[in-house]
Amino acid sequence: MEASARSRSPACLPLLFLLLLCVSRTSAFPNPFSECTQSRGRGASYRGSVDVTESGARCMNWTDVSGVTARYPGKGLGEHNFCRNPDARIRPWCFFHNARGRVDWGYCDCKQGSVRLQGGRSKLDGTVEVYMNGAWGTICSNDWDDRDAHVVCQQLGPGYKARARVSSLSRLPLAVVHWRTIGCSGDEADLLQCPRSVWNGGECANRQAAAVTCTPVEAASFVPVRLSGGPTAYEGRVEVYHAGQWGTVCDDQWDNNDAEVVCRQLGLGGTAKAWVGAYFGAGVGRVLLDEVSCTGNELSIEQCPKTAWGEHNCDHTEDAGVSCTPLTDGSVRLVGGAGGFEGRLEVHYQGRWGTVCDDGWTSTNTQVVCRQLGYRSGQSANPERFGMPSGPILLDDVSCTGKEPALAHCAKREWLRHDCKHTEDVAVVCSTQRTGHGVPTSIPVRLVGGENEREGRVEILVSGQWGTICDDGWTDEDAEVVCRQLGYSGVAKARVMAYFGEGHGPIHVDNVKCTGAERSLADCIKQPIGSHDCRHSEDAGVICNYGQRDNSTRVKADVTSSVCGLRPAHTRRKRIIGGQNSLRGGWPWQVAVRLRGSPSDGRLVCGATLISSCWVLTSAHCFKRYGNSTVTYKVRVGDYHTLVPEEHEDEYGVDRLVLHPRYHPQSNDYDLALARLTQHGGHGGHGGECVRQNHAVLPACLPEWKERAPKDLTKCYITGWGDTGRAYSKTLQQAAITVLGKRHCERHYGNRLTSRMLCAGSALSGRHVDSCRGDSGGPLVCERGGSWTVYGVTSWGHACRLQDSPGVYTKVSAFMPWITKVTSQ
C-alpha cells in the first residue's frame, strides 16, 4: 500500500510504523529507539512500535496467543503486534511463528528505523540509509526536500540545521532501496512517522538517492559540556558536544584550572577539582579534545588553549573528569602549590576561607585531610613554600583518630578560637599515587535496596558501570570504610548473603580487606577488578549509623508493655507467593518456631504470632511431625533475614505447649495451638514478662469473640519465610491479601470449610497470593483503628500457587474464650 508523498492526513500514516521516538539527547549518534534497547529494569515500560525480532521474524498479534493479555493486564498488550516487555524482561520481546510453524518468542530488533549518513565528508553528511528488517537501505530522491532532511538530522541528535541533497545511486555500493517516496512535514520525531511509499522495483527518478547535510548550530564560544558517570550531579567524566556528537576530553595537562572553567561553564560553584585516568569510568565514542590548558579565568572550555578538535594521542582510559564540590562549612582546599594536591591548608566556614593552626597537628590529621580531598595519603610540609597567607585562622588544636570522613568531624577548638600566628599554619602535600589492578584512588559508592539512605546493597562504579561486591570476608571493618566514604560517622554493620536483595550487572570485586581506617574502599581492594567466584546471592551490604533510628520507627519503651498491634510508621511500604520482601521490623509480632538440637538445629518448623509477652499463637498441625515435647522447639523473635543476626533478634525456649483439645491430626478443624515462652535462663515467665519488647518485638492485638475480619482489599496482610515460588525465602516476606466471603470459599472447599475457618487470597484475576509450607501457623493480620489484629492462623489449602485457590486460616475470633482461659492460667 502506498501513501501520498505529501499528504498530511493522519489517515495516510501507516499504522504499522507509528513508532515512538526515543532519541537520546546524551550520546553522539543515538539509537533513535534507545527506549527499546535501554528498557532493562523498567518492566512493561516500552510503548514503541518495533514489530520485528532479532532473527527478522514478524511479531504475532498479542491476542493470537491465548491467555497472554489476561495474564498481563495494563501492560500495553492488545490488538497489535508491537514489541513489549510486560514481564520486565531486560528488553522488549514478542511471539512469532518459527520455521516449523510453531509459536516461539524472541527479543526485538531495536535498530529498526535507525538512520545513518554514508559516503559524505563526515558522519553528518551523505546518502541517507535506513535500517529496516535487518538491512540498511536507501531512499529514492523523489520529492525529497528540506522537511524530510530536517527529520533525519533531528533523528541523529539535537541542534542541527538540515539541507536536502541527492546522490547518484550508481556510485552507491548498497543495492537495497527501501522507499520510493517519503513526505515528512518536518515535525516528526523520526522517518517512520512520515507518510511513505514502499519501493517495489523499477528505477528512482534520475537514478538518484536521498542525501542530507546536517550543520551544527551552536554558539561560537560556548560548546555544550556535561558530566557523566559520576555519583552526583556535580561530578563526573567531562564530555563536550561538537560537530553533532558528544565526546570525551583527554587528561594530558588536565588540572584544577581546567576543572575551574568546566564548573563555571556548568554554573556549579564550590571547589573545582580535576580527575584523570578515567576516574569516573571510560567513556564511549570519540575523544574530541586533548592538551586543554586553561588559566582558570575563561568562561568556556572553547576559549582555552587546546589541540584541534578530534586530534589526540589518547584512549578512553585517559578520560578527564571534574568534581565541583559545593562549599559547606568544613570544606577544605590546598592553596599556593603547584596543583590542588599541595599547599597551605584552608578550611571554609560561614562564607570565608581561613587557615588551620599546627598546634597538636599529627600525621593522622594529614591523612584525614588528603582523604577528604580524594587522595590516598599525604604528609605535612613547610608552609613557607606556599607564599604569604591571608584571611583568618579558623581552627586550632585539631585532633583526628584517622577514621573521620572530613576534618570538621575531628575534635577541635571552637571556630575562630586560637592562640597562633600565620607562621604556624598547616601545610600539606598529598600523594597522587594510584592503586593497582586498574582501581582508581577512590571509587564512587552507593547503597541500593535499603529502607533508607543509610543502608543497602553496596555498589561501586567501575569503568562507567555500577556493580556489586562479593561478601567473601566481608566484615564490619569493610562496612566502616564504606560508611565513612559516604559521610557517616556512626557505628557501621556489615550484611551478607544479599541481605538487601540480589543486584544486577557485574560483580566487580571479591575478598575486600579493610582495617577500618582506610580513606576509600579502593584502598581495601587486593584483587584485580572482576576477579571473583561468586553469585549475586552473595552480594555485600552495609547499615550505616547502626542503632540510630528515625522518629517514625520508634516506639517508646515505657509503653511497649501495654500496647499491641503497633507497626513502625515507615514512610514507604512494599507489598510468600505474590508477595515481596517486608520492611525490617515492619511486623514486630512475627515469630518463628524452630527446631532445637542437632542435626536440625534452627530448621524452620512454622510461623507464629506473638500475642503477649509470654505467649505465641500458631497451628496445632505444626507439631505433627516432631511431637509435642517442649524441649524439641525454640521460638525466635525479632528476626528478618534468617541467616543474619538482627539487632533485636532473640531466642526463647518453650515452657508449655497447648494444642486445642478438639484438634485431631486427621482433621483440619480446631487447628490452633498456644506456646508459652521461657525467660532467659530457661525458666517460665512469671510476673507477666518473658520477651523483651521494643519497636521490633511487640504483640499483635487479638479480636473480640466472633468478631469478623474486614473485607478491605488494602487492610490485610500475610507474612512469613515460606515458599516464594522459587525457594524458601531468607528474608521475611509480606503480601496483601483479601478475606473472601463464605460463598466464594465454599465453591472451592464445600463442607470441609467450617464456621471456625476463614479463607483468603487475591480477589484479582490472575494473581496468586497464598501462604505456603514455611508459613503454616503464621499470622493473617488486618488493620483496625490504627492497630493490627490477628484474625487468622495459616492452616491449610489445596496447594501453593494453584490459581484461584485461596488459603484456609483458623478463625481466631472463634477461639477467644479458649485463648483467654489458657493464657490466664
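Here are some friendly notes on this predicted model, one feature at a time.

1. **The overall picture.** Start with the whole chain before looking at any part of it. The protein has eight helices and 41 strands. Of its 825 residues, 52% are buried. The protein exposes about 35800 Å², and carbon and sulfur atoms supply 48% of that area.

2. **A barrel of six strands.** Try tracing this one around in the viewer. Six strands close into a barrel, in the order 29-30-31-34-33-32, with antiparallel pairing. From one strand to the next, the twist averages 40 degrees. As background, strands of a sheet pair through backbone hydrogen bonds, either parallel or antiparallel.

3. **Where strand 29 meets strand 32.** Strand 29 covers residues 590-595 and strand 32 covers residues 633-637; the two run antiparallel and are joined by five bridges. To find a place on this seam, look for Val593, whose bridge partner in strand 32 is Val635.

4. **Ala592, a residue in strand 29.** Is Ala592 buried or exposed? Its relative accessibility is 0%, so Ala592 counts as buried. This alanine is found in strand 29. Leaving aside neighbours within four places in sequence, Ala592 is in contact with Leu604, Cys606, Lys634, Val635, Arg636 and Trp721. Val635 is also the residue that pairs with Val593. The C-alpha atoms of Ala592 and Asp639 are separated by 8.0 Å, although the two residues are 47 places apart along the chain.

5. **Helix 8 against the sheet.** Helix 8 (residues 816-823) packs on the sheet and touches strand 31 (615-618), strand 33 (650-659) and strand 34 (673-677). The direction of helix 8 makes about 25 degrees with that of strand 34. Which residues of helix 8 are buried? They are Met816, Trp818, Ile819 and Val822. These four cover an arc of only 160 degrees around the axis, so they sit on the same side of helix 8. The helical repeat helps here: an α-helix has 3.6 residues a turn, so residues three or four places apart point the same way. The buried residues of helix 8 pack against strand 31, strand 33 and strand 34.

6. **Helix 3 and its two ends.** Helix 3 (residues 146-156) is mostly covered, with eight of its eleven residues buried. Among them are Ala149, Val151, Val152 and Leu156, as well as Asp148 and Gln154. The N-terminal end is capped by Asp145, which has a side-chain oxygen 3.0 Å from the backbone nitrogen of Arg147. After helix 3 comes Gly157, with a positive phi near 155 degrees.

7. **Two asparagines with positive phi.** Most residues other than glycine have a negative phi, and most peptide bonds are trans. Asn511 is not a glycine, yet its phi is positive, at about 55 degrees. Asn511 lies in the loop between strand 26 (507-509) and strand 27 (541-543). Asn545 also has a positive phi, near 50 degrees, and is found in the loop between strand 27 and strand 28 (580-581). Their surroundings can be compared by accessibility: Asn511 is partly exposed, with a relative accessible area of 24%, whereas Asn545 counts as buried at 12%.

8. **Strand 7 and its two partners.** Strand 7 (residues 177-182) is mostly covered: five of its six residues are buried. Strand 7 runs parallel to strand 5 (residues 135-142), and three bridges join them. With strand 8 (residues 196-198), strand 7 pairs in the antiparallel sense, over three bridges. Trp179 is a handy residue to follow, as it is the bridge partner of Ile139 and stands opposite Val198 in strand 8.

9. **Strand 35, covered on both faces.** Why is strand 35 described as largely enclosed by the rest of the structure? The reason is that five of the five residues of this strand (residues 716-720) are buried. Cys716, Ile718 and Gly720 point one way, while Tyr717 and Thr719 point the other way. Strand 35 pairs in the antiparallel sense with strand 39 (residues 779-784) over three bridges, and with strand 36 (residues 733-736) over four bridges. Within these pairings, Cys716 stands opposite Cys782 in strand 39, and Ile718 has Ala735 of strand 36 as its bridge partner.

Key: Residues numbered from 1 in each chain as written. Predicted model: local features only at pLDDT ≥ 70, side-chain atom pairs only at ≥ 80, totals over all residues. Heavy atoms only, no water. Buried < 20%, exposed > 50% of the residue type's maximum accessible area, 1.4 Å probe, protein only. Areas by Shrake-Rupley, 256 points an atom, 1.4 Å probe, with all protein chains shown as cover. Pairing = 2+ DSSP bridges. Axes fitted to C-alpha atoms, helices over the stretch in contact; angles between N-to-C directions. Contact = heavy atoms within 4.5 Å. Polar contact = N/O pair within 3.5 Å; in protein donor to acceptor, adjacent residues only side chain to side chain. Arc of directions from axis to C-beta.
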